[in-house]
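This briefing concerns the sheet architecture of the structure shown below. Please consult the sequence and coordinates while reading.

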Amino acid sequence: MNKREQLEIIFSLDSISAIEALRELFSLAETFNYPMEVEFDSIKLNASKFLSQVEKSGKWSTDIRLGGLTFRFGIVTAWKHCFIFITQLNAGELIDWFAWLAPFLKRPGFIQAWIADLEFNYWQNAKQPIQYELANRDYSKLPLKSNGDPPPLQAMWIDISNNPGKRVIKEGYVEAVGEKMWLSPIFKERIGGIDIDRLRAAGWTVDTKSIDGITVLTAPKGSFSEGIDTKYQQKLRAALYD
């Protein structure tokens, strides 16, 4: 089945600005012969004009579409990191994600990056029953727990705490998994180190030599997709984070 993917890139807080991120993304898009016109809030604008607007305001606060991709930049001040999301719009389209990532790997402050299967990522992190109801998706066998709010706001939500694909924001990094992951020394220090032998035993391919200073993890194709054995996914995740 064709799937949509997203490249998520995490940096230390203040190590990259919105303007720097946008300039790099537009430079890459031009190199890859993308049409240099962006769409946002039902507006179409030449990419250079949009960049000029961001340079004047110092802010980039909306998702923008360019060709078959969307770009998003954000700052998570409370958790001391910032991010770039590059999202695929057309399922099944082949994208060289490493080509988009490569320039950012060299930046001081790069923490981690991974490729997420959007469908898997959504349902692994869906907490509210209404999300299932709107999709006519059964959740009767899923564990529930209180959302923690006092009455009358208290409600029962889906308990995702044991989901192998859960996305947990931490101070200075994000606890997440993807079929392909790039991990910096900063990341490894913040999670207390990694055990290469354990990762390989769980099923990861570990490459510490191709990119200077970066550990690349590759899971078997389709490992973090809908319909794959949960226990296997949990084993892959646990080898990295537990």
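How many bridges join strand β5 to strand β6? Eight bridges join β5 (residues 69-76) to β6 (residues 81-88), and these two strands run antiparallel. The model is predicted: local features require pLDDT of at least 70, side-chain atom pairs count only at pLDDT 80 or more, and totals for chains, interfaces and linings use all residues. Residues are numbered from 1 along each chain as its sequence is written, and side-chain values use heavy atoms, with hydrogens and water left out.

**Sheet order**
- An open sheet of ten strands follows the order β3-β2-β4-β5-β6-β1-β7-β12-β14-β13, with antiparallel pairing.
- Strands β3 (43-46) and β13 (205-207) form the edges, each pairing on one side only.
- From one strand to the next, the twist averages 20 degrees.
- Strands are DSSP runs of E with at least two residues, helices are runs of H or I with at least four, and both are numbered from the N terminus.
- Two strands pair if DSSP finds at least two bridges between them.

**Strand pairs**
- Within the β5 and β6 pairing, F71 stands opposite I86 in β6.
- Strand β12 is joined to β14 (residues 215-218) by four bridges, in antiparallel fashion.
- W182 stands opposite V216 in β14.
- Three bridges link β13 and β14 in the antiparallel sense, and the bridge partner of V206 in β14 is L217.

**Helix on the sheet**
- Helix α3 (residues 97-105) packs on the sheet and touches β1 (5-12), β5, β6, β7 (110-117) and β12 (180-183), where contact means heavy atoms within 4.5 Å.
- The direction of α3 makes about 5 degrees with that of β1; axes are lines fitted to C-alpha atoms, for helices over the stretch in contact, and angles run from 0 to 180 degrees between N-to-C directions.
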